[in-house]
Amino acid sequence: MGEAMIVAGIGSRKGVGEEQVLNAIRKTLAQYDLDPSRLDGLATATLKRQEAAIFSAARKLGLPVTIVDDDALAKAGAYVPSHSQLSLALTGAPSVSEAAALAAAGEDARLLGPRLLLDSVTCAVAISGERP
């Protein structure tokens, strides 16, 4: 049995707080009966690299943050179910959280479901490396 890689992609409005990010992660993971300890990392777009709450939430969870560049985000964005005109205009991807999760989790990644929007934060979970 191979080990799965699980990544939470994060998108947000500017200036959100750490607890908002953590709550969105917890609620999204709860939808799939996943404990936060199962996460291998968080991912977000280049445009969010200055968003302190994402990085402080990652530190609190003991996780790395992958910054996904716009080209990789746009490529992964072709496989996401959600659509935001603003996200598309700013990054080339219709959903930052979904595309970032897919791009960071690897080539064989799939989303567990659509992003969750909670208190100005979006979170989506991607998994790769699953073996039957």
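Start at Asp-33, which sits in the loop between helix H1 and strand E2 (41-45) of this predicted model. Its phi is near 55°, a positive value in a residue other than glycine. With a relative accessibility of 73%, Asp-33 counts as exposed, because the cut-off for that class is over 50%.

From the loop, step back into helix H1, which covers residues 18-31, and select Thr-28. Is Thr-28 buried or exposed? Its relative accessibility is 1%, so Thr-28 counts as buried. If you display its surroundings and leave out residues up to four places away in sequence, you will find Thr-28 touching Leu-116, Cys-123 and Val-125.

Next, select Ser-120, which is placed in the loop between strand E5 (116-118) and strand E6. Like the loop residue at the start of the tour, Ser-120 deserves a look at its backbone, for its phi is near 70°, a positive value in a residue other than glycine. Ser-120 has a relative accessible area of 29% and is therefore partly exposed.

The tour now turns to the pockets. For the largest pocket, select Ser-12, Arg-13, Ser-84, Leu-86 and Thr-122, which lie nearest its centre among the 18 residues that line it. Colouring by secondary structure then helps, since strand E1 (5-12), helix H4 (85-91) and strand E6 (121-128) are the elements that give two or more residues to this lining. Which element gives the largest share of the lining? It is H4, with four residues. Sorted by class, the lining of the largest pocket holds six nonpolar, eight polar and four charged residues, and the volume of this pocket is about 440 Å³.

Move on to the second largest pocket, which holds about 270 Å³ of space. To outline it, select Ala-72, Lys-75, Ala-76, Tyr-79, Leu-102, Ala-103, Gly-106, Glu-107 and Ala-109, the residues that line it. The elements that give two or more residues to this lining are helix H3 (70-77) and helix H5, and the largest share, three residues, comes from H3. By class, the lining of the second largest pocket divides into six nonpolar, one polar and two charged residues.

Keep H3 and H5 on display and hide the rest for a moment, so that the two helices can be viewed together. The axes of H3 and H5 come within 8 Å and cross at roughly 100°, which means that H3 is roughly perpendicular to H5. Where do H3 and H5 meet? On the H3 side, select Ala-72, Leu-73, Ala-76 and Gly-77, and on the H5 side Val-96, Ala-99, Ala-100, Leu-102 and Ala-103. The contact of H3 with H5 has eight nonpolar residues, one polar residue and no charged residues.

Finally, bring the whole model back and select helix H5 alone, residues 96-105. Why can this helix be called largely enclosed by the rest of the structure? Nine of its 10 residues are buried, and the cut-off behind that word is under 20% relative accessible area. The buried residues are Val-96, Ser-97, Glu-98, Ala-99, Ala-100, Ala-101, Leu-102, Ala-104 and Ala-105. The last stop is Gly-106, just after H5, where phi takes a positive value of about 115°; Gly-106 is also one of the residues that line the second largest pocket.

How values were computed
Residues are numbered from 1 along each chain as its sequence is written. This is a predicted model: local features need pLDDT of at least 70, side-chain atom pairs count only at pLDDT 80 or more; totals for chains, interfaces and linings use all residues. Side-chain values use heavy atoms; hydrogens and water are left out. Buried means under 20% relative accessible area, exposed over 50%, partly exposed in between (1.4 Å probe, protein chains only). On a 1 Å grid over the protein atoms alone, a cavity is a set of points where a 1.4 Å probe fits but cannot get out, and a pocket is an open set with protein on both sides within 12 Å along at least five of seven lines; lining residues have an atom within 4 Å of a point. Grid points are joined across faces, edges and corners, and a volume is the space filled by probe spheres set on the points. Ala, Val, Leu, Ile, Met, Phe, Trp, Tyr, Cys and Pro count as nonpolar, Asp, Glu, Lys and Arg as charged, and the others, Gly among them, as polar. Axes are lines fitted to C-alpha atoms, for helices over the stretch in contact, and angles run from 0 to 180 degrees between N-to-C directions. Angles under 35 degrees count as roughly parallel, over 145 as roughly antiparallel, 65 to 115 as roughly perpendicular and the rest as oblique. Contact means heavy atoms within 4.5 Å.
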